[in-house]
Amino acid sequence: LISIQLVGFLAFQLRSLALGQACVTRNMSSTTLDLKSLEAELARTKQKLEAWTTCKLQTANELKIGHVKSMSDNIGKARTLHEQHQKLGHVAQAVKQRVEREEGEVSSLARSVSHLRSEQDSMSRTVLALQEAVNLHQQECQQKEDDTHAFDMTRKKKLGALKRVLTMYSTCLGLEFKQGPDELHLVFTHVHAKQPERQFVLGVKILPDSTYQGRFCNTHTLTDNPHVHFHTQQLTNPATNCRAVTKCEPQLESMPRLLARLNTSSDFSEFVKAARSEFKKVA
């Protein structure tokens, strides 16, 4: 467009110059040519032509820059659209593969559901049989629980009677049972007539192996006294699950015999009575 306008403008100016020259040629004989005026007109025309040409070139340059930028933007957009098109193609392919895979999974799940339904029917019959077995087992457990409760009641009654007997032994006979760290302490009082509060202590326990221990105390007080000192020795015993005896001074020479009788007869009450009698003898 700019080139067409420029050509038209130049043609107009050349036509004007040609007309001017023709006039000059016709009138050269009659009039004097005003060269200065013509040169000034030509300078003004040239200046206008240069200004117009500069403006048009600047406009053309701006249009070219805008066109190049627009083409660059369009090329970038086209590249972006092409990349998006490729991505969408990959996504479509992946979606297609996923759909095919899910269709296969649906078919597999349908077969699994059918198989599970058949197993459910079989398990329902098994559950019914197990429920009957559980009900029978619950009845048996309830019967055992009732038997255990009855046994506990009987044991509690026996334990209450035993506690009453122990209280009677402690208050009337001067015999008290105390639990030591790993043994049962038998504390005898009312043995010595002049010193009824004097304590005679035996510690008794059952050993899991074939030995028993004898611990000898050097005081007449109970083992919870911080000044009590024990001397321990191992004594051989041929029997298993034997009873171990802790003996407190005054020492009883008959203790090995009493202990052997206890391990033979397992009559603990007879052992306690015999020990009290021996303590009376040495008191």
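Author: A residue counts as buried when its relative accessible area is under 20%, and as exposed when that value is over 50%, with partly exposed in between. With that cut-off in hand we can read this structure, which is a predicted model.

Reader: Which residues of H4 are buried?

Author: The buried residues of helix H4 are Phe271, Val272, Ala274, Ala275, Arg276, Glu278 and Phe279. The helix itself has 15 residues and reaches 21 Å from its first C-alpha to its last, close to the 21 Å expected at 1.5 Å a residue.

Reader: Glu278 is on that list, and I would like to know what Glu278 is in contact with, leaving aside its neighbours within four places in sequence.

Author: Glu278, placed in helix H4 (residues 268-282), counts as buried because its relative accessible area is 13%. Beyond its sequence neighbours, Glu278 is in contact with Leu252, Ser254, Arg257 and Leu258. A network of salt bridges, moreover, links Glu278 with Arg257 and Lys281.

Reader: How should I read a salt bridge between two residues of one helix, and where does H4 have Glu270 and Lys273?

Author: Side chains of opposite charge can pair when their charged atoms come close. An α-helix has 3.6 residues a turn, so residues three or four places apart point the same way. In helix H4, Glu270 and Lys273 are 3 residues apart and therefore separated by about one helical turn, and they form a salt bridge whose closest N and O atoms are 3.6 Å apart. Glu270 is partly exposed at 35% relative accessible area, whereas Lys273 is exposed at 52%.

Reader: What separates Glu41 and Arg44 in helix H2?

Author: Glu41 and Arg44 are 3 residues apart in helix H2, which means about one helical turn between them, and in their salt bridge the closest N and O atoms are 2.5 Å apart. Glu41 is partly exposed, with a relative accessible area of 38%, and Arg44 is partly exposed as well, at 44%. Helix H2 also holds Asp152 and Arg155, again 3 residues apart, and their side chains meet in a salt bridge at 4.0 Å, N to O.

Reader: Where in the protein is the mean pLDDT highest, and where lowest?

Author: pLDDT is the predictor's confidence in each residue. Among the elements, helix H2 (residues 35-173) has the highest mean, 88, and strand S5 (residues 230-236) the lowest, 37. The protein as a whole averages 76, with 73% of the residues scoring at least 70, while over residues 210-240 the value stays under 50.

Conventions. Residues are numbered from 1 along each chain as its sequence is written. This is a predicted model: local features need pLDDT of at least 70, side-chain atom pairs count only at pLDDT 80 or more; totals for chains, interfaces and linings use all residues. Side-chain values use heavy atoms; hydrogens and water are left out. pLDDT is the predictor's confidence in each residue, from 0 to 100. Helices (H or I, at least four residues) and strands (E, at least two) are DSSP runs, numbered from the N terminus. Contact means heavy atoms within 4.5 Å. Buried means under 20% relative accessible area, exposed over 50%, partly exposed in between (1.4 Å probe, protein chains only). The expected span of a helix is 1.5 Å times one less than its number of residues.
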